Amino acid sequence: MYSEKVMEHFTQPRNVGEIENADGVGEVGNAKCGDIMRMYLKIDGDVITDVKFKTFGCGSAIASSSMATELIKGKTLKEAMELTNKAVADALDGLPPVKMHCSVLAEQAIKSALVDYSKKSGVKIEGLEDVDFDDEHLHDLPENEEE
Amino acid sequence: MDKMIYMDHSATTPVKKEVLQEMLPYFSEFYGNPSSVYQLSSKSKLAIDKAREQVAKGIGAKKNEIYFTGGGSEADNWAIKGIAYRHREKGNHIITSKIEHHAVLHTCEYLQKQGFEVTYLDVDEYGMVRLEELEAAIKENTILISIMFANNEIGTIQPIKEIGQIARKHKVLFHTDAVQAVGSLRIDVNEMNIDLLSMSAHKLYGPKGVGALYIRQGTRIDPLIAGGAQERNKRAGTENIAGIVGTGKAVELAYDNLEENNRKLIALRERLIKGIQDKIPHVRLNGHPEKRLPGNVNFCFQFIEGEALLLSLDMVGVAGSSGSACTSGSLDPSHVLLSIGLPHEIAHGSLRLSLGLANTEEEVDYVVDQLTGIVDRLRMMSPLYDKIQGGI
Ligand SMILES: Cc1ncc(COP(=O)(O)O)c(C=O)c1O
């Protein structure tokens, strides 16, 4: 059901943990739906120097968190802003359709941490104001044939 | 351990060698259509007859009260739709429970669309139907009570005999989905006042896609599958002879060895439950502590999600199942876990390990060991866990 990449990131997730005195922390999802992601960012100037995550969720939620942290570590804020859920899913060699929301959650977790950083530091980050954190639509399942 | 440890016997079981042996001649050697007149087909006829006898004996029924079907789902559909349509002039109300298998629930939902009225009884924290509530739900127009014998997820065994008494007292027909119970529990349809009973062969070391419906003699019921005159005009279609032979043999074997098998399974079950409770904090045993299927173990592990647990177990060769949303393909965790009062976030972290005859104490100990490490690892990753650890 999952690609080898997903399984690899699930069994050996990168960047698990917390950052003390993180510059930005974001949490998205909720326990009721079965997935929560929390991201911690360490930011130096324009660059994300460290990133860690904690995730409650299924295999693909954990793998998506892990991959997302890999993709933004050492990158600029602008590059992090440009990370899409599709890029996370692609880097994992794809996710099953019902699990795509996990990659959306990963993208949102990063943006949510950036919002926190922006608030704390006063640094404006372009594009942040347009982010929609509503996760109602996250769980849209593929069309059911009946009804 | 490099071999797989299979602990998902409530999902399905392997076909026993003795069962397979009995089935094999009916594929290429005695392949005659039992409805034909020549000698070859009499072999098939006799084989079905013997299987019917074996199944009947297993549940204390008469031979002519057993009708073979294409599995448990068909038996459930037939029992409920067949009774509903035939007794419509008498009434249109059906009583069932919230923790039934989807084969029953979705059938009832379908009937609601056809104008039937359905009461879905709540269950208590152990998954037990409350007898007072059941009796209070019976109305003038109630035609059927359908309550499962034992639950497939949490293993809870219902007070079937008492339910049968209530049904009889109010002259309402009583159907029970006994797919998880046949071959695991002693059943006597007369003593328990059961009018219709569904069973499926693949849960008791028989083949998949074949099962039976017991219908008490004299019960009026519409057929579900129309066509030829097979199964005394009640279930059309050329018989799955090999499957039926396998069903009969599987039931016979299960009941010949029931006490011995159950002693073994219950010992393993208790070892597994105790092992988990002793080694892993923040767990909850789901289902009734005693009134549960011999091989059923179902736990919720707080702060983690069931699918991640299953994947991790699979990596170390252990096959189990979960009621988490991520494994059901829907948004909500299992309706059974929600019905026993679990909040969504707890229900997401469920694990069912259903034991079978080939499991051993070593396997149970290995699973407890692996599970301890896995749960720990997943909790270390969980933002819910550190909130607890941090005392927030
Ligand atoms: C309680 C219960 N009812 C019905 C069924 C359906 O049986 P089958 O798979 O033979 O259609 C199952 C098995 O999944 C079950 O556990």
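How many residues does the contact take from chain A, and how many from chain B? Keep that in mind while we walk through this predicted model, starting with chain A on its own.

Chain A is built from five helices and three strands. Follow the sequence from its start and you will meet them in the pattern α-β-β-β-α-α-α-α. The radius of gyration of chain A is 15 Å, close to the 15 Å that the globule rule gives for 147 residues, so chain A is as compact as a globular protein of that length. If you like to think in boxes, the C-alpha atoms of chain A fill one of roughly 50 × 30 × 25 Å along the principal axes.

Now look inside. Of the 147 residues in chain A, 52% are buried. Among contacts in chain A with a separation of 6 or more, 62% are between residues 24 or more positions apart.

On the outside, chain A exposes about 7,000 Å², and carbon and sulfur atoms supply 47% of that area. As for charge, chain A carries 29 negative side chains and 16 positive ones, with the centres of the two sets 7 Å apart.

That brings us back to the opening question. The contact takes 27 residues from chain A and 25 residues from chain B. Between them the two chains bury about 2,100 Å², with carbon and sulfur atoms giving 65% of this area. To find your way around the chain A side, start with A:F10, A:K32 and A:F56: these residues supply 27% of the area that chain A buries against chain B, more than any other three residues.

Technical notes. Residues numbered from 1 in each chain as written. Chains lettered and ligands numbered in written order. Predicted model: local features only at pLDDT ≥ 70, side-chain atom pairs only at ≥ 80, totals over all residues. Heavy atoms only, no water. Helix = DSSP H or I, 4+ residues; strand = E, 2+ residues; numbered from the N terminus. Rg over C-alpha atoms; globule rule 2.2 N^0.38 Å. Buried < 20%, exposed > 50% of the residue type's maximum accessible area, 1.4 Å probe, protein only. Contact = heavy atoms within 4.5 Å. Areas by Shrake-Rupley, 256 points an atom, 1.4 Å probe, with all protein chains shown as cover. Lys, Arg positive; Asp, Glu negative; His and termini not counted. Charge placed at Lys NZ, Arg CZ, Asp CG, Glu CD. Buried area = accessible area lost by both parts, 1.4 Å probe.
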